[in-house]
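Me: Please take a close look at the loops of this model and at the spaces that they border. I am in my first year, so a careful account with the terms explained would help me most.

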Amino acid sequence: MDDIDWNARLIGIKGSRGIGKTTFLLNYAKVAGDSKKCLYVDLNNFYFATHTIVSLADDFCKLGGHTLLLDQVYKYPDWSNELRLCYDRHPELHIVFAGSPVMRLKEANPELHGLVDVYSLEGFSFREYLNYKTGTDFPKYTLGDIVANHQQIAGEIVSQVKPLAFFSEYLHHGFYPYFMEENDVFSSLVKAINLVLEVEISYLQQIEHKCLPKLRKLLYLITQSAPFQPNVSKLSADIDTSRATVMNYMLYLKHARLIHLLYQEGDSNQKKPAHIYMQNPNLMYLCNYGGVDSNALYKTFFFNQLGYKNEVTRGKIGDFCVDGRSFRIGQPTKRIENGVCLVRDMIEVGEGSTIPLWLFGFLY
């Protein structure tokens, strides 16, 4: 909430299914002021079988309404044109809408270009998880702060809690908010992912229902192997479709925040990615019943936590390049190259260019 410019008249909130978009809107409704001036609406409601967003906004403004919160907006036909009409008709009205990350708000909806401010609702950072579990209130830090002052920052945190005592459980189930209310986190996560495939990707990308098993199989194969260098020809043979379709499916899964595509430094995002990662470490446990490789898990965590607000690429040296800095994850097999930060698991406080892995969970 602190990152959003609430003075904007049209605000879009995108986030993965189950990440907490509805809770976010309802929490904002509580702090938005007079309850008569703020209305939360789920566009799945049968009300919209015979009514439009425009007619709702017209009536709401006549009754003194000021803030309209629209959930599940992508399921309403022609939603972007109607939001533009509301924007033009009612300059006093503030609209906040939430929808799937698969929605290409600016690219596919030129009528909203220059009008909508788009924000992403991300899952729990390790900092947020640790604060929730321990009742602490640790602040977030910039990447520059962590690289330059990691020893001091980590020392202050370790003096109050033992972050490594919570780190493994965060990697296993702490990214999604399901852990706050349920014991069977992965049952809820599997249901959410199936809805993403069957509803959000299928509906927004207009994929025929008969093609869904191929999309699901591709996600399964990626889950089994990630992170890995993709062989598009082999993947196309495995799911019995064309190379071009595989590339499109990978982009759909990326937009749905199920996977991350890592490109070589300097390469265009139109090229084949250098590596494919799961979007967050929790997803690595979905199909790997025999256990998850720890180094792969640590790299996935690093990519996830830094990829939220930074451009991450495959560096020429090290594992990742972020804002011109090179990082290598895990125990080095040889002397570390000059200028490369070594990111280590199972250390509380680093030294020199060696930084604790868990500390990169304090970026947001």
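**From a loop to the open spaces**

Reply: Asp78 lies in the loop between β3 (67–71) and α3 (79–89), where helices (H or I, at least four residues) and strands (E, at least two) are DSSP runs numbered from the N terminus. The model is a predicted one, in which local features need pLDDT of at least 70 and side-chain atom pairs count only at pLDDT 80 or more, while totals for chains, interfaces and linings use all residues. Residues are numbered from 1 along each chain as its sequence is written, and side-chain values use heavy atoms, with hydrogens and water left out.

The backbone of Asp78 deserves a look, since its phi is near 60°, a positive value in a residue other than glycine. With a relative accessibility of 45%, Asp78 counts as partly exposed (buried means under 20% relative accessible area, exposed over 50%, and partly exposed in between, with a 1.4 Å probe and protein chains only).

Arg257 likewise has a positive phi, of about 60°, although it is not a glycine. To find Arg257, look in the loop between α10 and β6. Whereas Asp78 is partly exposed, Arg257 counts as buried at 13% relative accessibility.

A further loop, between α8 (212–225) and α9 (232–239), holds Pro227. The peptide bond that joins Ala226 to Pro227 is cis, with omega at about -5°.

Arg257 also leads us to the spaces in the model, as it is among the residues closest to the centre of a pocket and also lines the largest cavity. On a 1 Å grid over the protein atoms alone, a cavity is a set of points where a 1.4 Å probe fits but cannot get out, and a pocket is an open set with protein on both sides within 12 Å along at least five of seven lines; lining residues have an atom within 4 Å of a point.

The structure holds one cavity of 30 Å³ or more, and the volume of the largest cavity is about 40 Å³ (grid points are joined across faces, edges and corners, and a volume is the space filled by probe spheres set on the points). Around this cavity stand Ser16, Arg17, Tyr176, Leu189, Ala192, Ile193, Val196, Arg257 and Leu258. By class, its lining has six nonpolar residues, one polar and two charged; Ala, Val, Leu, Ile, Met, Phe, Trp, Tyr, Cys and Pro count as nonpolar, Asp, Glu, Lys and Arg as charged, and the others, Gly among them, as polar.

Turning to the pockets, the second largest pocket contains about 820 Å³ of space. It is lined by 31 residues, and those closest to its centre are Lys254, Arg257, His260, Gly307 and Tyr308. Two or more residues of this lining come from each of β5, α10 (243–255), β6 (259–262), α11 (294–307) and β8 (312–313). When the lining of the second largest pocket is divided by class, there are 10 nonpolar, 11 polar and 10 charged residues.

The largest pocket has a volume of about 1300 Å³. Its lining is made up of 39 residues, of which Ile19, Gly20, Phe24, Leu121 and Glu122 lie nearest the centre. The elements that give two or more residues to this lining are α1 (21–31), β5 (117–121) and α4 (126–134), and the largest share, five residues, comes from α1. Classed as before, the residues that line the largest pocket are 15 nonpolar, 11 polar and 13 charged.

To set the loops beside a helix, consider Ser202, which is found in α7 (residues 185–204). Ser202 has a relative accessibility of 13% and therefore counts as buried. Although Ser202 and Tyr252 are 50 residues apart along the chain, their C-alpha atoms are separated by 9.6 Å.
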